[in-house]
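Reader: I am new to this structure and should like to understand the terms applied to it. May I ask for the reasoning behind each of them?

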Amino acid sequence: MTSSHDGISRRSVLKGASAAAAAATFGFPAIVRAQSATSIKLGIPTILSGRVAQLGISSTNAVKMAVDEFNAAGGLDGRMIELLIRDTKAKPEEAARVVRDFINSEGVDVVFNCEASSASFAVQEVVREAGTFCTHCCSETSSLSADPAIHSENSFRFARQGIHDAVASATYAAEMGKKKGIKKWMAVSPDYAYGRDSVEQFFNVLQQVDPEAEIVGYGWPKLFEPDYTQIITQVLQKQPDAVYSALWGGDLVSFIDQGALYGLFSGIEFFGINLADYTTMSAVRELPEGLHSGTRYIAAFPDTEANHAFDAAYHERWGDHPTNWAWQSAAGIDFLIAAIKETGSTDSGALAEAMRGMKRPSPFGADGTLTMRAEDQTVVNYALGWGTTVPKEPFLIDIASTDWSTVYEFETAWKKSQGYI
Amino acid sequence: MDLAALGDCLGTSSCLIFQTVGGLKIGLLMFLVASGLTLIFGVLGVINFAHGSFYMLGAYLAWQTMALTDNFYLAVLAAALGVGLFGVLFERGFMSRVYRGDVLVQILLCYAFILILDDLVIIVWGEEFLSSLGIPDAFHRPPLFVGGAIVPVFHLFIIGFSTLVAVALWLFMTRTKWGKITRAAEQNPLMVSALGINTSLLFAGIFALGSLLAGLGGALAASERSISSGMGFSVVLESFIVTVIGGMGSIGGAFVAALLIGMTRSFGAIGFPLFTDGLMFVLMCLVLVLRPQGLMGRSGG
């Protein structure tokens, strides 16, 4: 009995062991599959508090719209997209910590990065190490995708870029310069990396396309400066024909309000690259007519049915107009969903392969399409232009589109000058 | 550094007038806020580091009144009175309990209020900046040309109004009974109390007046500055510099110092465009080294 008992016991132990072994061989991946089948996890680090919270909120708004549509249509064979949204307060170290947590603890499939520039570089470092698939939807700093030293096979940028904007601004400015006889230029730009880079790139391209353009002075107000009187008087003393500015948000609004008291804009052509954003234009007390602005996001450009439909749908759901960050995030999520559907997977390598060179119809494309350029994995052919302001909607009229072949030409030259290619 | 440009500017009437008016406007707005800070310090001996937040509160209250009534003057009045009232509550409810405490406790209390008020305005008015109030309709006119210089009419109003406030403050301090009591309390609060004067009431009144000036400054500044949480920070720093240069507690000193800084910034922008803020701190350092009690402060103590 004892021995038979022993025998049975031994057999059952063996059985148990083999079952365990079988489970280990086949069962475990099955469990993993079963778990992940519940959702496709997107980790979104973004800015939800502080002075630019509106931008982070608009980014996630745009993503939610596309994701809800994807999930309502049944997801990917029943796998729904789950969004994990975290506030990083625009701090790079916090963004890096959040993304590490997304990857290590939450096991996200994709890091959908909606961070400003400084934090985006921190995010890029983390995803590059981990090999996680990543979309950058808000950083406009060109080197993020142009610099091969920080390139990652699995990172893609869906955002406008400083160098593209500089070409668009400078070619438009040169043309206006010819028309209006602008020779003397001055810059008024916030005193930090972005404000200074923007001015440098703008004047660099401007002096190539218009060798007669002369720079007569610079005004560098502090970021979040409340009073621009001294800058305005500086401009009026230098008497330039035109002013280029990369001021944005509340700072730009204050500058325009205060400058208008001096009649600044009746004698000087003003080129504000960040003016044509709904939050900014609607906040200016009396938006002067005839200021020049780059197109950040407005429903009137491109003036297509698709773009108006996007603006209307966004407005209906959120009671507000989209921002520049919103269209970029909308483009990013659209491409990502397309890649997920095309590959039927969330594998980083497969998604990256599908993404490289992908071309899709889009409300935000210069010709109704956007392209994810394969060589440096950044979006190109987006609607890019400059126009002049009017006090009421549509706020910007006479918008001239920038020719992308010109953009590519200067971009290549710039990349060479930086030693990137 | 562009000393040639500065020399040219000082030599031409148009530039001189232009920069002077700009400097007066910056300086007098600064005076409105700084006078409140220095008044409170002079009598109560505490530095209200939350003063910048009172300025911010003034801007928000003015914006709200403007949104409701569309009347600029009413907005300024409501902001001044509202912040004055808030100042009394703050003084009675919190500050008066730490007058005898450590300076560190006073600073921490003020700091707590800076953070609370910054968050409070976000909760009430949202995170996005608010647009400026705009200027009253009466001032919607092309700028004047004085001696070839552009002078916005509204800036003349700000300059005139702030000067009136300065004069009124001076008359109050030197010509009225309460002004005399206030000055006496600066010298010797115990004696004032012993003479049967209700110092608690006096302190609350002074705090109200100081806060009212901050609210007034905030409302007037909001006529052309966008409004946002945290906007008081740079202002309290500037006010503090004005107070130090002018002499802690001296209203006349604050007036001179604010104008000095306004001019430094205005003309500094021509001569030292990259060092305008630096000049302000150089000025403060010079005063601290050469005349530590400030331009018009009392020595010793």
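Author: Let us begin with a single residue of this predicted model. B:Asp70 sits in the loop that joins helix H3 (51–69) to helix H4 (72–93) of chain B.

Reader: Why is B:Asp70 called exposed?

Author: The relative accessibility of B:Asp70 is 64%. The term exposed applies over 50%, so B:Asp70, at 64%, counts as exposed.

Reader: What makes the phi of B:Asp70 worth a remark?

Author: Its phi is about 60°, a positive value, although B:Asp70 is not a glycine. Most residues other than glycine have a negative phi.

Reader: Which sign does phi take at A:Phe224, and why is A:Phe224 called partly exposed?

Author: Phi of A:Phe224 is positive, near 65°, and this residue is likewise not a glycine. A:Phe224 belongs to the loop between strand E7 (214–219) and helix H8 (229–238) of chain A. Its relative accessible area is 37%. Buried requires a value under 20% and exposed a value over 50%; 37% lies in between, and A:Phe224 is therefore partly exposed.

Reader: Why is A:His292 called buried?

Author: A:His292 has a relative accessible area of 1%. The cut-off for buried is under 20%, so A:His292 meets it. The residue lies in strand E10 (residues 292–297) of chain A.

Reader: Which residues does A:His292 touch, leaving aside those up to four places away in sequence?

Author: Among them are A:Tyr172, A:Met176, A:Glu269, A:Phe271 and A:Trp386. Contact here means heavy atoms within 4.5 Å. In addition, the C-alpha atoms of A:His292 and A:Leu396 are separated by 8.7 Å, while the two residues are 104 residues apart along the chain.

Reader: What makes A:Val188 buried?

Author: The relative accessible area of A:Val188 is 0%. That value is under 20%, and A:Val188 is therefore buried. Strand E6 (residues 184–188) of chain A contains A:Val188. Its contacts beyond four places in sequence include A:Pro221, A:Ile231, A:Tyr244 and A:Phe255. From A:Val188 to A:Phe271 the C-alpha distance is 10.0 Å, with their positions 83 residues apart in sequence.

Reader: How many of the residues of chain A count as buried?

Author: Of its 421 residues, 55% count as buried. Chain A holds 15 helices and 15 strands, and its C-alpha trace spans about 110 × 45 × 40 Å along the principal axes.

Reader: Where in chain A are the peptide bonds before A:Pro302 and A:Pro394, and what are their omega values?

Author: The bond from A:Phe301 to A:Pro302 is cis, with omega near -5°; A:Pro302 is in the loop between E10 and helix H12 (305–318). The bond from A:Glu393 to A:Pro394 is also cis, with omega near 10°, and A:Pro394 is in the loop between strand E14 (385–389) and strand E15 (396–401). Most peptide bonds are trans.

Reader: How many cavities are found in the whole structure, and which residues lie nearest the centre of the largest?

Author: The search finds 4 cavities of 30 Å³ or more. The largest has a volume of about 130 Å³. It is lined by 15 residues, and B:Met30, B:Tyr55, B:Arg225, B:Val235 and B:Glu238 lie nearest its centre. Helices H2 (13–44), H9 (199–221) and H10 (232–246) of chain B each give two or more residues to this lining. The largest share, 4 residues, comes from H2(B).

How values were computed
Residues are numbered from 1 along each chain as its sequence is written. Chains are lettered from A and ligands numbered from 1 in the order in which they are written. This is a predicted model: local features need pLDDT of at least 70, side-chain atom pairs count only at pLDDT 80 or more; totals for chains, interfaces and linings use all residues. Side-chain values use heavy atoms; hydrogens and water are left out. Buried means under 20% relative accessible area, exposed over 50%, partly exposed in between (1.4 Å probe, protein chains only). On a 1 Å grid over the protein atoms alone, a cavity is a set of points where a 1.4 Å probe fits but cannot get out, and a pocket is an open set with protein on both sides within 12 Å along at least five of seven lines; lining residues have an atom within 4 Å of a point. Grid points are joined across faces, edges and corners, and a volume is the space filled by probe spheres set on the points.
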